[in-house]
Each structure stands twice: as C-alpha cells, then as structure tokens.
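Biologist: I should like each term to be justified from the values and their cut-offs. Please begin once the model is on display.

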Amino acid sequence: MKIVTIVGARPQFVKIAAVSQKLRRRHQEILVHTGQHYDYEMSGAFFDGLDLPKPDVNLGVGSGSHAEQTGAMLKGIEDILLAENPDCLLIYGDTNSTLAGALAASKLAIPVVHVEAGLRSFNRSMPEEINRVLADHLSDLLLCPSETAMTNLALEGITRNVHLVGDVMLDALNWAKRRSAGAETVFLNRFAMQKKQYLIATLHRSENTDDRAQFLRILDTFNLLDEPVIFPVHPRARKIMNEIGFRPKPDLHLIDPVGYLEMIALVASARLVLTDSGGLQKEAYWLGVPCLTLRNETEWVETVDAGWNVLVGPNPERISDTVKSYVPPQSRPPLYGDGTAAEKCVDLIGLKSEPMALVGRA
Ligand code: UD1
C-alpha cells in the first residue's frame with residue numbers, strides 16, 4: 001500500500017518512532033511534516049535523536065491562529081493527496097495536524113487511519129478535544145490504546161473498524177529505555193541532581209498558559225516547593241513567562257525543551273512529575289513515578305484509577321499539599337498494552353486493503 005502519514009507536533013514524532021520503521025517493511029510511506037512545530041528542540045532534535053525517516057515534505061506552516069494553522073495545512077495536505085493518490089492516510093493523536101489530515105483525506109474519499117483514537121476529556125474548551133472528536137468521526141480505521149477509548153467511541157456510535165491495539169508510546173518508551181540504558185547519570189550530572197531527589201515539571205496547555213494570572217499562580221507555587229525542580233519549558237510557556245517577567249527560585253531550573261531520550265531519563269530518575277501533558281502522565285506511570293496532573297480532567301483515567309496519578313488542577317494549595325503528602329500504592333498493573341501496539345497497527349492497516357469499507361460512506 002501507499003500510505004501518507006501526517007505529523008507536525010512533538011508527541012507525533014515519538015509515535016512515528018514506534019510505527020514508521022515497521023510500516024516501511026511492508027508498505028510505502030510518504031511522511032508529511034506540517035511544520036506545526038519548527039524549533040530545532042521541538043522537531044529536528046526528535047528526528048535526529050530517534051533515527052526517524054526524514055519527512056518527504058515539510059509544509060512549513062508554523063505558528064498562527066487555529067484557523068490559519070489548520071487552513072494552511074488543509075490546503076497543503078490536499079495538494080499532496082491529489083498528487084500521490086495514496087491507499088490511505090495515517091494520523092496520530094489530537095493536534096491541529098491530525099484534524100487537517102482527517103479533513104483533507106476524507107473529502108477526497110481517501111480512507112483515514114487514526115492511531116490513538118477514542119480518547120476524550122469531555123472538555124470542549126480544549127482544542128485537542130475538538131480535534132479528536134472530529135478526527136474519530138472522519139476515520140475509517142480506529143486504533144485505540146484502551147478499553148475506555150473503545151467505549152467512548154461506541155457511545156458516539158462508532159463501532160465499525162474499531163480495534164484495541166494498546167499505546168504506541170509504550171513501544172517507543174521501551175525502545176528509549178534500552179537505548180539510553182546507563183546514560184541517566186550523564187543527564188543528572190548536567191543539572192547536578194541526585195536520583196529521586198528532584199521533581200520534573202512541564203506545562204504547555206493553553207488552559208494553563210494563556211490565562212496569565214493562572215499561569216503565574218502555578219509558577220509561584222513551583223517557586224514555593226521545598227525540592228529542586230527541572231522544568232523543560234515549551235516555547236508557548238517561555239513566551240508568556242518572558243511577558244509576565246517570572247523570576248524562578250534558584251533551584252527551579254527553567255531549561256529549553258529536551259530530547260526524548262533525555263526526557264525519559266529525567267522522568268525515570270525524578271521523585272515526582274508535575275504536568276499537564278497527556279504523554280507524560282503515561283510515561284510517569286510506566287516508569288513507576290507518581291504524577292500530579294495540573295488539569296481538572298484527563299483522557300488517561302486508568303492512571304488515576306490505579307492511584308499513580310492525581311488530578312490537582314491549577315490549584316496552588318492542592319499542588320503543594322499533594323507534592324508533600326502523596327504516596328502511590330504498591331501495585332502498578334500493566335496499562336495500555338504490552339509494548340507491541342505498533343506491530344498491531346501495521347497488521348490492521350495491511351488487512352484493511354480490502355477497501356477499509358470507507359465507513360459511513362458506503
Ligand atoms: C500542540 C498540540 C498539543 C500537543 C502539543 C505538544 C494542537 C492544538 N495542540 O500544542 O495537542 O500536546 O503540541 O507540544 O495542535 N511554538 C514555537 N516553536 C515551535 C512550536 C510552537 O515557538 O516549534 C510556539 C508558537 O508561538 C505557537 C505556540 O508555541 O503559536 C503553540 O504551538 P502550537 O503548535 O499551536 O500548539 P502547542 O501548544 O505546541
């Protein structure tokens with residue numbers, strides 16, 4: 001099969017690290033980077049550090065409002081689909097690049113395969129929630145990381161060509177652990193940190209960063225924590241931090257975004273994770289590091305049910321109290337598959353050459 005894959009933002013580069021190589025053993029892949037993320041630390045570093053195939057096309061869309069960004073992608077992706085006429089389009093996750101791919105392909109009657117289908121926060125004020133709902137409803141093959149995701153789709157009437165495959169991010173994590181075995185000390189030495197004696201934080205969701213008063217309240221809370229914090233800062237957050245003139249305490253280390261292998265090593269050695277990222281909630285779980293999620297809801301409810309993830313929202317008291325008192329349970333049942341999700345995705349994509357049924361468009 002000829003498959004066009006769309007990526008554009010950091011978590012998608014991690015996901016293709018698990019899938020692309022396997023896909024290319026059996027199929028022809030044309031990799032399209034929308035250019036949504038463009039700084040070297042947000043994009044190039046991942047292609048270099050994860051040995052990813054070079055994108056065949058980079059649309060260079062860059063920053064803009066949601067409509068500007070998605071509209072420019074839509075046009076660029078349509079041109080490629082018309083020129084290549086692929087057997088299907090492969091999209092990942094919930095970004096504007098995901099939505100643009102789903103829209104462009106479905107209007108050309110090109111089957112859409114969605115990896116990480118069925119996740120819901122049930123919070124429509126998140127751009128990602130809108131992207132996921134629309135992408136799922138436009139998809140012809142839906143590959144889910146969890147039973148919850150399958151149920152979410154069923155409740156929206158999506159039951160055909162829906163499969164439970166597990167999470168391709170677990171495949172990527174297992175690879176990263178093998179690849180960076182023994183390198184932890186190098187990363188820790190860079191920040192003069194001791195194993196399990198620091199926290200790691202990330203924040204980038206518009207709900208936390210765009211409301212300046214809320215963002216500052218969270219940052220001030222980090223400033224009051226008794227332990228050292230390493231905080232790789234997303235460019236969105238960096239820009240706003242500069243605007244509000246935030247001054248970190250000496251052991252709140254605001255660093256540039258780090259590569260995937262370094263991030264995994266820093267998380268594995270941390271005592272606790274503070275984040276609003278989806279990927280990091282799962283990575284913390286798999287690595288056995290307790291996580292505080294600075295949101296009021298999560299798509300990864302199983303990590304909360306297992307007792308390893310607490311939704312503290314943007315609330316300063318809850319954050320500081322929970323950092324001090326939180327002890328996860330002894331047990332940590334396996335979640336989101338067994339690390340072979342990528343292989344399952346590729347198998348299912350291959351099977352679907354019997355015209356993927358173009359769900360809902362027969
Ligand atoms: C996007 C995704 C989000 C994902 C996240 C991972 C959407 C709606 N959101 O959020 O689901 O979790 O990526 O990081 O697609 N910027 C730079 N350099 C870059 C990239 C971004 O300076 O390389 C700045 C730009 O000012 C841009 C802003 O960050 O406007 C936000 O970037 P954008 O791609 O819109 O969304 P993210 O916040 O990164």
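Biologist: What makes the approach of H204 to the ligand a polar contact?

Modeller: A polar contact is a pair of N or O atoms within 3.5 Å; within protein, one atom must be able to donate a hydrogen and the other to accept it, and residues adjacent in sequence count only if both atoms are side-chain atoms. A polar side-chain atom of H204 lies 3.0 Å from an oxygen atom of the ligand, so the pair meets the 3.5 Å limit. For H37, an N or O atom of the side chain is 2.6 Å from a ligand oxygen, and for S63 the corresponding distance is 3.4 Å. The ligand alone exposes 730 Å², of which the protein buries 91%; such areas come from the Shrake-Rupley method with a 1.4 Å probe, and for residues only the protein chains shown count as cover.

Biologist: On what basis do these values rest?

Modeller: The model is predicted: local features need pLDDT of at least 70 and side-chain atom pairs count only at pLDDT 80 or more, while totals for chains, interfaces and linings use all residues. Residues are numbered from 1 along each chain as its sequence is written, and side-chain values use heavy atoms, with hydrogens and water left out.

Biologist: How many residues surround the ligand, and which are the closest?

Modeller: There are 22, and the closest are Q36, H37, N96, H234 and K239; a residue is counted if one of its heavy atoms lies within 4 Å of the molecule. The shell has six nonpolar, 10 polar and six charged residues, where Ala, Val, Leu, Ile, Met, Phe, Trp, Tyr, Cys and Pro count as nonpolar, Asp, Glu, Lys and Arg as charged, and the others, Gly among them, as polar. At least two shell residues come from each of α1 (10-26), α3 (66-84), α5 (127-138) and α11 (235-244). Helices (H or I, at least four residues) and strands (E, at least two) are DSSP runs, numbered from the N terminus.

Biologist: Why is H234 classed as it is, buried or exposed?

Modeller: Buried means under 20% relative accessible area, exposed over 50%, and partly exposed in between (1.4 Å probe, protein chains only). H234 has 11%, so it is buried. H234 lies in the loop between β9 and α11, and its side chain reaches the backbone nitrogen of R236 at 2.9 Å.

Biologist: Why is helix α13 described as largely enclosed?

Modeller: Of its 10 residues (278-287), 10 are buried, so the rest of the structure largely encloses α13. At its N-terminal end S277 acts as a cap, with a side-chain oxygen 3.3 Å from the backbone nitrogen of G279. Just after α13, G288 takes a positive phi of about 75 degrees.

Biologist: Which residues have a positive phi although they are not glycines?

Modeller: K196 and Y336 are two such residues, each with a phi of about 65 degrees. K196, in the loop between α8 (184-190) and β8, is partly exposed because its relative accessibility is 37%. Y336, in the loop between α15 (316-325) and α16 (341-351), is buried because its value is 5%.

Biologist: What makes β8 and β11 paired strands?

Modeller: Two strands pair if DSSP finds at least two bridges between them. β8 (199-202) and β11 (272-275) have four, in the parallel sense, with T202 opposite T275. β8 also pairs in parallel with β9 (229-232) over two bridges, and I200 stands opposite I230. Both faces of β8 are covered: L199 and A201 on one side, I200 and T202 on the other, are all buried.

Biologist: Which strands are the edges of the open sheet?

Modeller: The open sheet has seven strands in the order β3-β2-β1-β4-β5-β6-β7, with parallel pairing. Its edges are β3 (57-58) and β7 (162-164), as each pairs on one side only. Within the sheet, β1 (2-7) and β4 (88-92) share three bridges, and T5 has L90 as its bridge partner.

Biologist: How many disulfides does the structure have?

Modeller: The search finds zero, a disulfide being a pair of cysteine sulfur atoms within 2.5 Å. For C88, the nearest cysteine sulfur, that of C345, is 12 Å away. C88 is buried because its relative accessibility is 1%.
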